[in-house]
Amino acid sequence: MTAVKRAALLVVTAVSLYLVGPAILDVFSSWDEVSGLDPFLLQLIVIATGASFACQWALLRITLRERRWTNVVTSQLAATAASRVVPGGGAAGNALQYAMLVRGGTPP
């Protein structure tokens with residue numbers, strides 16, 4: 001890899017960390033509040049969140065008539081992450097999800 005490509009990747013990484021940094025710091029600053037939760041309730045929260053994601057993936061998989069779970073799961077997770085970070089929010093996330101699904105073999 002040439003030095004120019006490495007420098008470009010370093011710049012992209014620095015800009016990404018600059019954009020995502022405040023959200024990461026916000027999550028880490030609330031860690032003390034999580035440690036004060038009842039362990040049973042914390043388990044229920046994790047299970048409910050996991051079930052919510054699984055239901056979203058199953059519904060999207062049925063709607064798209066997609067046999068593979070990986071296309072649906074990865075596109076949904078990437079779209080959710082992008083919609084929280086990228087300017088444009090939900091529109092940018094949906095565009096990313098559509099592009100990932102089409103690249104993964106789902107008919108447009």
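**Notes on α3, α4 and the loop between them**

1. Arg68 is partly exposed, with a relative accessible area of 39%. That residue is a handy place to start reading this model, which is a predicted one. The cut-offs explain the label: buried means under 20% and exposed means over 50%, so 39% falls in between.

2. What does the side chain of Arg68 meet? Its partner is Glu66, in a salt bridge with an N to O distance of 3.1 Å. As a reminder, side chains of opposite charge can pair when their charged atoms come close. Glu66 counts as buried, because its relative accessibility is 9%, so this pair joins a buried residue to a partly exposed one. If you are looking for others, the structure holds one salt bridge.

3. Just before this pair, have a look at Arg65, which lies in the loop between α3 and α4. Its phi is positive, about 55°, although Arg65 is not a glycine. For background, most residues other than glycine have a negative phi. Arg65 counts as exposed, given its relative accessibility of 77%.

4. Now to the helices on either side of the loop. Two packed helices are described by the angle between their axes and the distance between the axes. Here, α3 covers residues 39-64 and α4 covers residues 69-85; they pack at about 120°, and their axes are 10 Å apart. The two helices are therefore oblique to each other. The crossing of α3 past α4 is right-handed.

5. Which residues make the contact? On the α3 side they are Phe53, Gln56, Trp57, Ala58, Leu60 and Arg61, and on the α4 side Trp69, Val72, Val73, Gln76 and Leu77. By type, the residues of this contact divide into eight nonpolar, two polar and one charged.

6. Leu59 also belongs to helix α3. Is Leu59 buried or exposed? At 56% relative accessibility it counts as exposed, because that value is over the 50% cut-off. Should you want a distance to check on screen, the C-alpha atoms of Leu59 and Val72 are separated by 9.8 Å, with the two residues 13 apart along the chain.

7. One last residue, Ser75, sits in helix α4. Its relative accessibility is 1%, so Ser75 counts as buried. Leaving aside residues up to four places away in sequence, Ser75 touches Gln97, Met100 and Leu101. Displaying those three side chains together with Ser75 would be a friendly way to see this spot.

Notes:
Residues are numbered from 1 along each chain as its sequence is written. This is a predicted model: local features need pLDDT of at least 70, side-chain atom pairs count only at pLDDT 80 or more; totals for chains, interfaces and linings use all residues. Side-chain values use heavy atoms; hydrogens and water are left out. Axes are lines fitted to C-alpha atoms, for helices over the stretch in contact, and angles run from 0 to 180 degrees between N-to-C directions. Helices (H or I, at least four residues) and strands (E, at least two) are DSSP runs, numbered from the N terminus. Angles under 35 degrees count as roughly parallel, over 145 as roughly antiparallel, 65 to 115 as roughly perpendicular and the rest as oblique. A crossing is left-handed if the near helix is turned anticlockwise from the far one by less than a right angle, and right-handed if clockwise. Contact means heavy atoms within 4.5 Å. Ala, Val, Leu, Ile, Met, Phe, Trp, Tyr, Cys and Pro count as nonpolar, Asp, Glu, Lys and Arg as charged, and the others, Gly among them, as polar. A salt bridge is a side-chain nitrogen of Lys or Arg within 4 Å of a carboxyl oxygen of Asp or Glu. Buried means under 20% relative accessible area, exposed over 50%, partly exposed in between (1.4 Å probe, protein chains only).
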